[in-house]
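Open the structure in your viewer and keep the selection box ready. Each stop below tells you what to select and what is there.

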Amino acid sequence: MTIKLLTDQKGPKISKYIYGQFSEHLGRGIYGSIYVGENSKIPNVNGMRKDVVDALKAIHVPVLRWPGGLFADTYHWQQGIGPKDQRKKIVNTNWGSVTEDNSFGTHEYFELLRQLGADAYINANIGSGTVQEMSEWIEYMTMSGESPMSNLRRQNGQKEPWKVKFFGIGNESWGGGGNMRPEYYADVYRQYQTFLPQYNPDDPIYKVACGPNEDDYHWTDVVMKNAGQFLDGISLHYYTLPTGDWEHSKGSATGFTKDLWYSTMNKAQFMDRLVTKHSAIMDQYDPQKKVDLIVDEWGTWYDVEKGTNPGFLYQQNTIRDVLSAAITLNVFHKHADRVHMANIAQMVNVLQAMILTKDDQMLKTPTYYLFDMYQKHMDADLVEAEGTLPDHITYTASQKDGQLTISLGNYDLSQDQDLDFTFASPLNKITEASIITGETMDAHNTFDNPNAVTLQDFQGATVNDGKLQVKLPAKSVVSITLK
Ligand code: AHR
């Protein structure tokens, strides 16, 4: 089967923010894993764990959403500033009712961003906070001149204002963020965004409204109709559960059946339908696509690992996660004209993480290697194709810096696939080719065997006379760059 890639045409740009991450005050998502404190024996820079930050720097995290999630709507930012021994200790009621000592707060978040080279995406508390509290947080972070909050920031050691790139107003306001109806939320959103001061009009803060849960198309319709003119992006949340059953069992991260492998792939593909339908609703109110769809929570969600706190959402990560994430990222690329940012949940130790830690040990998950491989698509131009690929093949082609990258996933568990590509412009040299695959369908990395699934060189592609031939192994993702 031959596919022609239309390399002579320029498609929409795939925003690098599609590779965004999310870290919530949840389980071991921040404490002990990213933030260990200056006095920890684990090597750290200003309290940030060095091994973890180094690993994340290599995948160029473009943006980090914080502090939640559900935690955001219980978070009072003033409790997380000032001398650490005076910060208020609270209970994290959403996640295991553990004590939250607020030692990771606004200053620590921006220090982490500085080390990562990432942009800020902060989620405000509109569920249990106030308009004034939100407004003062923005003043604290972004006001350069004299003011009560900027003076307080300086008093706490930060002279210059920080840059807040993205700002979310509410998280899951249809559920744990306030159980609001869309009409009510749209009005609350309008009110809060009115008091979101833009201290730097040349570089305005991008406003994200709480969008729908999965296929709640009514929510999108009402929020776009009633508040669409006041927002830059609207968020969508969708998690991939192998069983689709939130109540009883979501399925296990390892040791699953073939049926659950394939149902995971089908559920990952559902993202295409969601993005297509929500975008169509947005088109009615915003035909010029000024408002973006922001998928700020996505990824696989399994039953927690045996023996771990059910409130901590700690799960393993296998080659199945690589294929399901490839499907999802390819959907976002395909809809690059509408999807501007996505934030996989979550960066470390929670749900579909990049990194797992155990005391002073860390490992990179199979999903980490997919994010590493897919960096070539960040801020690249999408390339359209003529011809169709078999159902179990997922792909993206994009161009950047004069090179074409084709990423191909084969989620069939046993059949390799032969694929041929031609190009509308001359391309005759493979400059890089890599593969992620596993011996078994639940191949994964452990602290005893951290390199069972990694990024490897790929030898199964050749290019002759402008034709690329690929032998794509079963349960693998391959990425080939040509010039
Ligand atoms: O990512 C875990 C949780 O999932 C988030 O806190 C919440 O927004 C969602 O329900």
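**Stop 1: a hairpin at S23 and S24**

Select Val463 and look across to strand S24, where Leu468 stands opposite. Note before going on that this is a predicted model. Now show the whole of both strands. S23 covers residues 461-464 and S24 covers residues 467-472. They run antiparallel, joined by 4 bridges. The two strands make a hairpin, with 2 residues between them. Pick Asp465 in the turn: its phi is positive, about 50°.

Turn on the side chains of S23. Which of them are buried? Ala461 and Val463 are, and they point to one face. Thr462 and Asn464 point to the other face and are not buried. This fits a general pattern: side chains in a regular strand alternate between the two faces of the sheet.

**Stop 2: a hairpin at S14 and S15**

Go to strand S14 (355-358) and strand S15 (361-364). These two run antiparallel, and 4 bridges join them. Select Thr357, then find Met362 opposite it in S15. The strands form a hairpin with 2 residues between them. In its turn sits Asp359, with a positive phi of about 50°.

**Stop 3: helix H1**

Stay with S14 and S15, and add helix H1, residues 50-58. Colour Val52, Val53, Ala55 and Leu56: these are the buried residues of H1. They lie on the same side of the helix, because they cover an arc of only 160° around the axis.

What covers them? The cover includes S14 and S15. It also includes strand S4 (48-49), helix H2 (106-116) and helix H9 (366-373). Show each of these in turn. Then move past the end of H1 to His60, which follows the helix and has a positive phi near 50°.

**Stop 4: Leu113 in helix H2**

Select Leu113, which has its place in helix H2. Is Leu113 buried or exposed? It counts as buried, because its relative accessibility is 5%. Show its contacts next. Setting aside residues up to four places away in sequence, Leu113 touches Leu64, Ala118, Asp119 and Ala120.

Now draw a distance from the C-alpha of Leu113 to the C-alpha of Asn410. It comes to 35 Å, across a sequence separation of 297 residues. Follow that line to its far end for the next stop.

**Stop 5: strands S16, S18 and S19**

Select S18, residues 393-400, and S19, residues 403-410. They run antiparallel, with 8 bridges joining them. This pair forms a hairpin with 2 residues between the strands. Asp401 there takes a positive phi near 50°.

Add strand S16, residues 381-382. S16 pairs with S18 in the antiparallel sense, over 2 bridges. Ser398 is a good residue to click. In S18, Ser398 is the bridge partner of Leu382. Ser398 also stands opposite Thr405 in S19.

**Stop 6: the largest pocket**

Keep S18 on screen. S18 supplies at least two residues of the lining of the largest pocket, and so does each of helix H7 (258-285) and helix H8 (319-334). The volume of this pocket is about 550 Å³. Its lining has 20 residues. Select Asp272, Lys334, Ile393, Thr394 and Tyr395, which lie nearest the centre. By class, the lining holds 9 nonpolar, 7 polar and 4 charged residues.

**Stop 7: the second largest pocket**

The second largest pocket holds about 270 Å³ of space. Of its 20 lining residues, select the closest to the centre: Glu172, Tyr239, Trp246, Glu297 and Trp301. Then show strand S11, residues 233-240, which gives the largest share of the lining, 3 residues. The lining divides into 11 nonpolar, 5 polar and 4 charged residues.

**Stop 8: the largest cavity**

How many cavities of 30 Å³ or more does the structure hold? There are 3. The largest has a volume of about 50 Å³. Select its lining: Tyr75, Trp77, Ala124, Asn125, Glu133, Met134 and Trp137. Helix H3, residues 131-142, contributes the largest share, 3 residues. Colour the lining by class to end the tour: 5 residues are nonpolar, 1 is polar and 1 is charged.

Key:
Residues are numbered from 1 along each chain as its sequence is written. This is a predicted model: local features need pLDDT of at least 70, side-chain atom pairs count only at pLDDT 80 or more; totals for chains, interfaces and linings use all residues. Side-chain values use heavy atoms; hydrogens and water are left out. On a 1 Å grid over the protein atoms alone, a cavity is a set of points where a 1.4 Å probe fits but cannot get out, and a pocket is an open set with protein on both sides within 12 Å along at least five of seven lines; lining residues have an atom within 4 Å of a point. Grid points are joined across faces, edges and corners, and a volume is the space filled by probe spheres set on the points. Ala, Val, Leu, Ile, Met, Phe, Trp, Tyr, Cys and Pro count as nonpolar, Asp, Glu, Lys and Arg as charged, and the others, Gly among them, as polar. Buried means under 20% relative accessible area, exposed over 50%, partly exposed in between (1.4 Å probe, protein chains only). The arc is that of the directions from the helix axis to the C-beta atoms. Contact means heavy atoms within 4.5 Å. Two strands pair if DSSP finds at least two bridges between them.
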